[in-house]
Structure formats: C-alpha cells, structure tokens
Amino acid sequence: MKYINRYTSLILYFLFSSATVQLLFPQENQNCTLLGRWANGPCYCVEVIEDIACLGNGGYLDMVDFSDPQNPVVLSKTLLDGDIRGMTLRSGHVFLANGFAGLAVIDISNSDEPEVIARLPLSENDFAYDVEVNDTMAYVLGQYSFHIVD
C-alpha cells in the first residue's frame with residue numbers, strides 16, 4: 001500500500017506542476033501586446049523617465065531610449081563594481097542597490113554621460129538588494145541588515 005500512495009502522490013505532483021506551467025505561460029493575451037524587448041543580460045530592475053529607461057543590466061547601468069520600442073537606442077553604459085539589484089530615481093540621480101559593492105549614486109542629468117558621484121559599501125560585507133529614497137535619506141535592503149544612509 002505504501003508504494004501505491006507514493007506513486008499516486010508523484011502523479012498528482014506532476015499533474016499539478018504541469019497545470020501550473022500552463023497557467024504561467026499563456027499562448028495569447030488579448031489585453032497586452034509585446035512591442036519590443038531588451039534581451040541583453042540579467043536585468044533585475046528598471047526605472048523610466050519619459051522614453052528613457054534606466055536598466056540594471058548585470059553590472060552595467062544602461063540608459064536606453066525606447067521611443068521606438070522595436071529599435072531601442074543605447075545612450076550610455078556605465079560599469080559598476082557589482083550587480084545592480086534595485087534602483088530608485090530622485091532629482092536627476094539614480095540610487096543603486098549594487099550587490100556586494102553596496103550603494104552607488106549616479107548623476108544622470110546627462111543621459112549620454114552618467115557620472116558616479118558616490119559609492120558606499122555596506123557593513124559586514126552585506127549584499128544590497130533594493131533601495132528606496134526620500135528627501136533626505138536612502139533606505140537599503142541588504143541580505144543581513146537594513147541600512148539607513150543620509
């Protein structure tokens with residue numbers, strides 16, 4: 001009887017898993033249309049200013065003009081010290097959760113030549129996953145700690 005129960009459980013698990021995959025990948029969606037895509041590396045985060053997207057593309061901050069979604073134009077690529085996992089835009093600056101490199105702040109007022117203006121490693125070699133910013137402080141979510149930076 002034990003073998004029948006294990007076999008039945010395995011079949012039910014397989015059927016449930018197959019049904020879930022079908023739900024996650026519908027063949028057609030009448031409410032959305034794919035206009036274009038950026039298939040260039042592991043993009044973990046994005047912020048948009050009008051037609052310009054700031055993409056966390058692995059260790060690069062890519063500034064891309066998507067005014068024509070089928071033909072995106074790369075405006076700039078800025079190499080940083082770690083993978084970009086989270087970002088927030090505020091007043092012409094992008095604040096980046098930059099993996100093991102911590103927090104990075106980039107001046108993007110000139111999208112053709114962004115400038116790194118600050119880097120801050122997190123304590124205890126923490127890994128920065130996300131960042132939010134208000135008027136005076138940055139809040140960085142790390143793997144081990146929550147960091148508040150002024």
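In this predicted model, strands are DSSP runs of E with at least two residues, numbered from the N terminus.

Q: Which strand does A128 lie in?
A: A strand is a DSSP run of E, counted from the N terminus. A128 falls within the run that covers residues 128-133, which is strand 9.

Q: Is A128 buried or exposed?
A: The relative accessibility of A128 is 0%, and the cut-off for a buried residue is under 20%. A128 therefore counts as buried.

Q: Where is N98 found, and is N98 buried or exposed?
A: N98 is found in the loop between strand 6 (93-97) and strand 7 (103-107). Its relative accessibility is 1%, and because buried means under 20%, N98 counts as buried.

Q: Which residue of strand 9 is in contact with N98?
A: Leaving aside neighbours within four places in sequence, the contacts of N98 include L80, D81, G82, D83, I84 and A104, together with one residue that lies in strand 9. The contact list of A128, which leaves out residues up to four places away, likewise includes N98. The residue in strand 9 is A128.

Q: How many residues are in the separate core that includes A128?
A: The largest nonpolar core has 13 residues, and those with the most contacts inside it are L61, M87, V94, L96 and I108. A second, separate core includes F95, A128, A138 and V140, and V140 is also among the residues that A128 touches. The number of residues in this second core is 11.

Definitions and conventions
Residues numbered from 1 in each chain as written. Predicted model: local features only at pLDDT ≥ 70, side-chain atom pairs only at ≥ 80, totals over all residues. Heavy atoms only, no water. Buried < 20%, exposed > 50% of the residue type's maximum accessible area, 1.4 Å probe, protein only. Contact = heavy atoms within 4.5 Å. Core = buried A, V, L, I, M, F, W, Y, C linked by side-chain atoms within 4.5 Å.
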